[in-house]
Amino acid sequence: MSLVIKEKQKEYPIPDEGIYNAVAIDCVDLGKIETPWGPKSKISIMFELDSEDEDGNRYIVGKRYTKSLHKKAHLRQDLERWRNKKFKPQELKNSGFDLESLIGVSAIVYISHNETDKRTYANIQSILPPEQGSDGTPQWFITRPSGNYTRVIEREDYQEPEEYADAQNGAG
């Protein structure tokens with residue numbers, strides 16, 4: 001007689017596909033994650049949507065990126081679209097870009113679904129500047145965080161990027 005125990009995967013509610021007002025609530029360094037193209041340094045930007053699930057909690061969605069601001073990198077393309085301006089070469093060369101400065105900044109995100117055999121995922125397809133005010137400028141702080149999200153680096157079970165990457169890569 002065998003006694004089999006399986007870890008139940010936690011189910012998170014996902015928002016419907018569509019366009020949402022959102023606010024950046026976290027930037028997470030994931031370390032070097034194995035990819036089909038070899039190990040890549042990855043980060044994740046987390047957003048809280050202005051829409052709530054059936055329990056009254058705001059949806060949390062994130063997007064993973066390779067940690068690169070090369071002109072063809074998805075991170076750079078999304079940041080330029082969100083900021084509504086291109087990076088200047090000197091800006092990146094001299095000071096770079098502090099991802100922590102995104103926390104608390106509003107955006108409009110487009111969510112689409114990706115269905116697998118196991119579950120459905122909510123993916124951020126596009127990040128745009130927030131709605132404009134009467135003067136025509138983006139209202140960068142129009143969507144406020146609920147205060148219910150705890151940043152990854154502030155959690156009790158926080159893992160340093162290398163430790164997290166090792167666990168994801170099967171070494172931990």
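Trainee: At about what angle to E5 does helix H1 run?
Mentor: This model is predicted: local features need pLDDT of at least 70, side-chain atom pairs count only at pLDDT 80 or more, and totals for chains, interfaces and linings use all residues. Residues are numbered from 1 along each chain as its sequence is written, and side-chain values use heavy atoms, without hydrogens and water. Helices (H or I, at least four residues) and strands (E, at least two) are DSSP runs, numbered from the N terminus; contact means heavy atoms within 4.5 Å; axes are lines fitted to C-alpha atoms, for helices over the stretch in contact, with angles from 0 to 180 degrees between N-to-C directions. Helix H1 (residues 74-83) lies across E1, strand E2 (38-52), E3, E4 and E5, and runs to E5 at about 55°.

Trainee: And which helix lies across E1 and E3, at about 80° to E1?
Mentor: Look along the chain to residues 161-168. The helix formed there is H3.

Trainee: Which strands are the edge strands of the sheet?
Mentor: The sheet is open, with 5 strands in the order E3-E2-E1-E4-E5 and antiparallel pairing (two strands pair if DSSP finds at least two bridges between them). An edge strand here pairs on one side only. That picks out E3 (58-66) and E5 (120-128).

Trainee: How many bridges join strand E1 to strand E4?
Mentor: E1 covers residues 18-35 and E4 residues 106-115, and they run antiparallel. In this pairing, Ile 19 stands opposite Tyr 110 in E4. The number of bridges between E1 and E4 is 6.

Trainee: What kind of pair do the rings of Phe 47 and Trp 82 form?
Mentor: The whole structure has 2 aromatic pairs, where rings of Phe, Tyr and Trp (its six-membered ring) pair with centres within 6.5 Å, and planes under 30 degrees apart count as stacked, over 60 as edge-to-face and the rest as tilted. Phe 47 is in strand E2 and Trp 82 in helix H1, so this pair ties together parts 35 residues apart in sequence. The centres are 5.3 Å apart and the planes at 50°, so the pair is tilted.

Trainee: Is Trp 82 buried or exposed?
Mentor: Buried means under 20% relative accessible area, exposed over 50%, partly exposed in between (1.4 Å probe, protein chains only). Its partner Phe 47, at 0%, is buried. Trp 82 has a relative accessible area of 2%, so Trp 82 is buried.

Trainee: What kind of pair do Phe 87 and Phe 97 form?
Mentor: Phe 87 lies in the loop between H1 and helix H2 (89-94) and Phe 97 in the loop between H2 and E4, so they tie together parts 10 residues apart in sequence. Their ring centres are 5.4 Å apart and their planes at 75°, so this pair is edge-to-face.
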